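Hi everyone, thanks for coming. Let me put the model up, and then I'll walk you through a few spots I'd like you to look at.

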Amino acid sequence: MEKIKVILDCDPGHDDAVAVLMAGKHPAIELLGITVVAGNQSLPKTVTNALNVCQHVGIDVPVYAGSTRPLVQQPRYAGFIHGTSGLDGPQFEPLTKKAEATHAVNFIIKTLLNSEGDITLVPTGPLTNIALAMRLEPRIIPKIKQIVLMGGSVGQGNVTPAAEFNILADGEAAKIVFECGRPIVMCGLDVTRKVRCYQEVIDRMNQIGNKASYLFKEMMEFYNKTQKEAFKWEGGPLHDPVTIAYLIDPSVLTLQHCHVDIEIRSEQSYGRTNCDLVGFLKKEENAYVATDIDVDKFWDIIEECLKLYN
Ligand code: BDR
Ligand code: CA
């Protein structure tokens, strides 16, 4: 079976960290690099978190530091969910793994230009790095096989009534990406809020009994506390891992091809993903929007991924 070549562009972040664990060892995926962006916390913190996760479980993949702030907006972090480090909860060994000297945006450009058009971009944070790469070197755009991203919502947001965090954090970047013309799979809150990490899921994964499953437990216990404070629910939604689960088994998601516009002019609704599921606007489809998820299948995939560690 040919592996799916992936660049994971993330802002870890507890759920990003789970996506890293999933992509790090799965035989269906060839993880070419982890590019990091400011989002859940400042860039130095999200880079440190990516390195810590990789070092802790032995993922031997280069990590590249990218954009320190959104294209136009002021930086907006999510410490109320991910803590002051951006990955509060687990304790890591002293860090020896280092980020590469190359900027994440240059890595994305070079890797795509040298590719056969067979690379999937998986953004799980604000879309700043991807948009910058597209503007700096537009010749990369036809080289992108597809973009499978976590962001947006057909329904309500999770930071404002209108907007989901990743799109809200850098709406201008999201607009550039959604208008790029390459296939986009949008894994938004409509599906990611259905995969809630209840205590029974944590117990199930903990039983695997390896470094990755213990890390999963430590991260999710912290994440569930802040999710409960913020949203008053049991079990935090495992947003970002939906992207990797989809790559491993596309049948986990139900998709609808439609036109998606990113709202960047409105004060109230900045960052909203207007998904025209009905086809009101008669505009060309630019995204496959996830409208449903097979929850049992999703947790089976998570378990399968965690079991791949020692
Ligand atoms: C998204 O925002 C971040 O806090 C998470 O890591 C996820 O990517 C969910 O809205
Ligand atoms: Ca994220």
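**The calcium site and its surroundings**

Along the chain, the donors of the calcium ion (ligand 2) are spaced as D-x4-D-x107-T-x115-D. A word on conventions: this is a predicted model, where local features need pLDDT of at least 70 and side-chain atom pairs count only at pLDDT 80 or more, while totals for chains, interfaces and linings use all residues. Residues are numbered from 1 along each chain as its sequence is written, chains are lettered from A and ligands numbered from 1 in the order in which they are written, and side-chain values use heavy atoms, with hydrogens and water left out.

So who holds the calcium? Asp11 (OD), Asp16 (OD, listed twice), Thr124 (O) and Asp240 (OD) coordinate the ion at 2.2 to 2.5 Å. Donors here are N, O and S atoms within 2.8 Å of the metal, or 3.2 Å for Na, K and Ca; water is not among the atoms, so sites may look incomplete. Asp11 is buried at 0% relative accessible area, and Asp16 is buried with 0% as well. Buried means under 20% relative accessible area, exposed over 50%, and partly exposed in between, with a 1.4 Å probe and protein chains only.

Now ligand 1. Among the residues around ligand 1 are Asp15, Asp16, Asn40, Asn158 and Asp240, counted when a heavy atom lies within 4 Å. Oxygen atoms of ligand 1 sit 2.6 Å from a side-chain N or O atom of Asn40, 2.8 Å from a polar side-chain atom of Asn158 and 2.6 Å from one of Asp240.

Please look at Asp15, too. Asp15 belongs to helix α1 (residues 14-25); helices are DSSP runs of H or I, at least four residues, and strands are runs of E, at least two, numbered from the N terminus. Asp15 is buried but has no salt bridge, and Arg193, the nearest side chain of opposite charge, is 10 Å away. A salt bridge needs a side-chain nitrogen of Lys or Arg within 4 Å of a carboxyl oxygen of Asp or Glu.

By that rule we count 11 salt bridges. One of them joins Glu303 and Arg204, 2.7 Å from N to O. Glu303 is in helix α12 (residues 295-306) and Arg204 in helix α9 (residues 199-206), so this pair ties together parts 99 residues apart in sequence. Arg204, Asp300, Glu303 and Lys307 are linked in a salt-bridge network.

Conventions. Lys, Arg positive; Asp, Glu negative; His and termini not counted. Polar contact = N/O pair within 3.5 Å; in protein donor to acceptor, adjacent residues only side chain to side chain.
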